[in-house]
Amino acid sequence: MVTKGGFLGADEINSDAGPGRVSRRSFLVGGAAALGALGLAACSPAGMSMAEAERVYGPVPNERFPIPAVKLSKVDPKYLRRTVRYNSNEAVGTIIVDPAHYYVYRIEGDGNATRYGANVGRAGFLWSGDAYIGRKAEWPVWTPPKEMIARQPEAAPYAGGMPPGLDNPLGARTLYLYQNGAYTLYTIYSTIMPETIGKGVSSGCVGLLTQDMLDLYEKTPVDTKVVVLKA
């Protein structure tokens with residue numbers, strides 16, 4: 001699904017979303033300041049303890065729209081944030097997306113990287129190549145393109161844009177991928193749906209748990225290089 005913030009997967013309407021309201025699940029599965037110094041200190045090559053994970057992925061109440069804690073029971077522990085050895089010739093800060101293994105890496109230097117679990121494009125929507133962050137947004141508006149509306153008419157009510165919020169498919173933070181000065185229609189976005197991590201659910205965009213996206217977003221300036229590996 002192409003959005004103002006990029007491609008997301010969206011194949012169904014949640015029947016309990018209520019009249020005139022399309023649920024986040026509809027558009028996410030088919031569609032940090034509060035973390036502060038905790039950040040990488042809570043990550044280690046050995047992985048997080050449950051107590052650490054509960055702190056890192058706890059609620060973020062001071063956001064424009066308070067963010068709930070991650071239901072850790074719905075996430076394979078291997079996808080929780082951690083510092084890992086990762087040999088790369090890329091500059092510090094470069095983002096590397098590994099869709100085959102559902103990971104996003106941020107190069108930290110000295111052979112290390114921060115690794116985040118991710119959801120990626122489903123079959124038929126995977127892509128690869130080099131890009132860069134052309135712009136960033138906090139609590140963005142999501143606007144389905146005409147191609148999305150033609151494929152899924154239920155998106156038509158949002159042709160003028162879906163307001164920011166927890167139900168918005170792009171979530172709390174979005175990094176927009178560009179190539180040669182043009183927006184690719186792909187993004188790295190935040191999700192409050194832990195069950196999507198480690199799965200191919202989107203139309204090519206890459207989703208991180210919101211608490212992970214807050215961490216990555218804060219460290220990622222515009223023009224940061226992004227490398228998307230082949231699946």
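How do the residues of the lining of the largest cavity divide into nonpolar, polar and charged? Eight are nonpolar, two are polar and none is charged. The model behind this count is predicted.

## Overall make-up

The chain holds five helices and twelve strands. It has 231 residues, and buried residues make up 56% of them. The exposed surface comes to about 9900 Å². Carbon and sulfur atoms supply 53% of that area.

## Cavities

The largest cavity encloses about 60 Å³ of space. Ten residues line the largest cavity, and the closest to its centre are Pro99, Trp127, Gly204, Val206 and Val228. The second largest cavity has about 40 Å³. It too is lined by ten residues; Leu166, Gly171, Ala172, Ile192 and Thr210 are the closest to its centre.

The lining of the second largest cavity divides into five nonpolar, four polar and one charged residue. For the largest cavity, the charged count is zero.

## The largest pocket

The largest pocket offers about 230 Å³ of space. Its lining has 14 residues. Nearest the centre lie Lys71, Ile192, Met193, Pro194 and Glu195. By class, the lining comprises seven nonpolar, three polar and four charged residues.

Ile192 appears twice in this account. It is among the residues nearest the centre of the largest pocket, and it is also among those closest to the centre of the second largest cavity.

## Strand pairing

Strand 7 covers residues 129–138. It pairs with strand 8 in the antiparallel sense over six bridges. Within this pair, Ala137 has Thr174 of strand 8 as its bridge partner. Strand 8 then pairs with strand 9, again antiparallel, over five bridges. There Leu175 stands opposite Ile188 in strand 9.

Strand 9 (residues 182–191) also runs parallel to strand 11, joined by four bridges. Tyr189 faces Gly207 of strand 11. Strand 11 (residues 206–209) has a further partner in strand 6 (residues 112–121). That pairing is antiparallel and has two bridges. Ala118 stands opposite Leu208 there.

## Enclosed elements

Strand 8 spans residues 173–179. Six of its seven residues are buried, so strand 8 is largely enclosed by the rest of the structure. Helix 5 (residues 210–219) is also largely enclosed, because eight of its ten residues are buried. The buried residues of helix 5 are Thr210, Gln211, Asp212, Met213, Leu214, Asp215, Leu216 and Tyr217. Thr210 is also one of the residues closest to the centre of the second largest cavity.

Ser202 belongs to strand 10 (residues 200–202). Is Ser202 buried or exposed? With a relative accessible area of 0%, against a cut-off of under 20%, Ser202 counts as buried. Its side chain reaches the backbone oxygen of Cys205 at 2.7 Å.

## Loops and backbone angles

Which residues have a positive phi although they are not glycines? Tyr102 is one, with a phi of about 65 degrees. Trp139 is another, at about 45 degrees. Tyr102 sits in the loop between strand 4 (95–98) and strand 5 (103–109). Its relative accessible area is 24%, so Tyr102 is partly exposed. Trp139 lies in the loop between strand 7 and helix 4 (146–151). At 5% relative accessibility, Trp139 is buried.

Val141 is in the loop between strand 7 and helix 4 as well. Val141 is partly exposed, at 34% relative accessible area. Its C-alpha atom is separated by 5.1 Å from that of Pro163, although the two residues are 22 residues apart along the chain. A positive phi also occurs in the hairpin of strand 8 and strand 9. Two residues lie between those strands, and Asn180 takes a phi near 50 degrees.

Definitions and conventions:
Residues numbered from 1 in each chain as written. Predicted model: local features only at pLDDT ≥ 70, side-chain atom pairs only at ≥ 80, totals over all residues. Heavy atoms only, no water. Buried < 20%, exposed > 50% of the residue type's maximum accessible area, 1.4 Å probe, protein only. Areas by Shrake-Rupley, 256 points an atom, 1.4 Å probe, with all protein chains shown as cover. 1 Å grid on protein atoms, 1.4 Å probe; cavity = no way out; pocket = protein on both sides within 12 Å on 5 of 7 lines; lining within 4 Å. Points joined across faces, edges and corners; volume = space filled by probe spheres on them. Nonpolar A, V, L, I, M, F, W, Y, C, P; charged D, E, K, R; others polar. Pairing = 2+ DSSP bridges. Polar contact = N/O pair within 3.5 Å; in protein donor to acceptor, adjacent residues only side chain to side chain.
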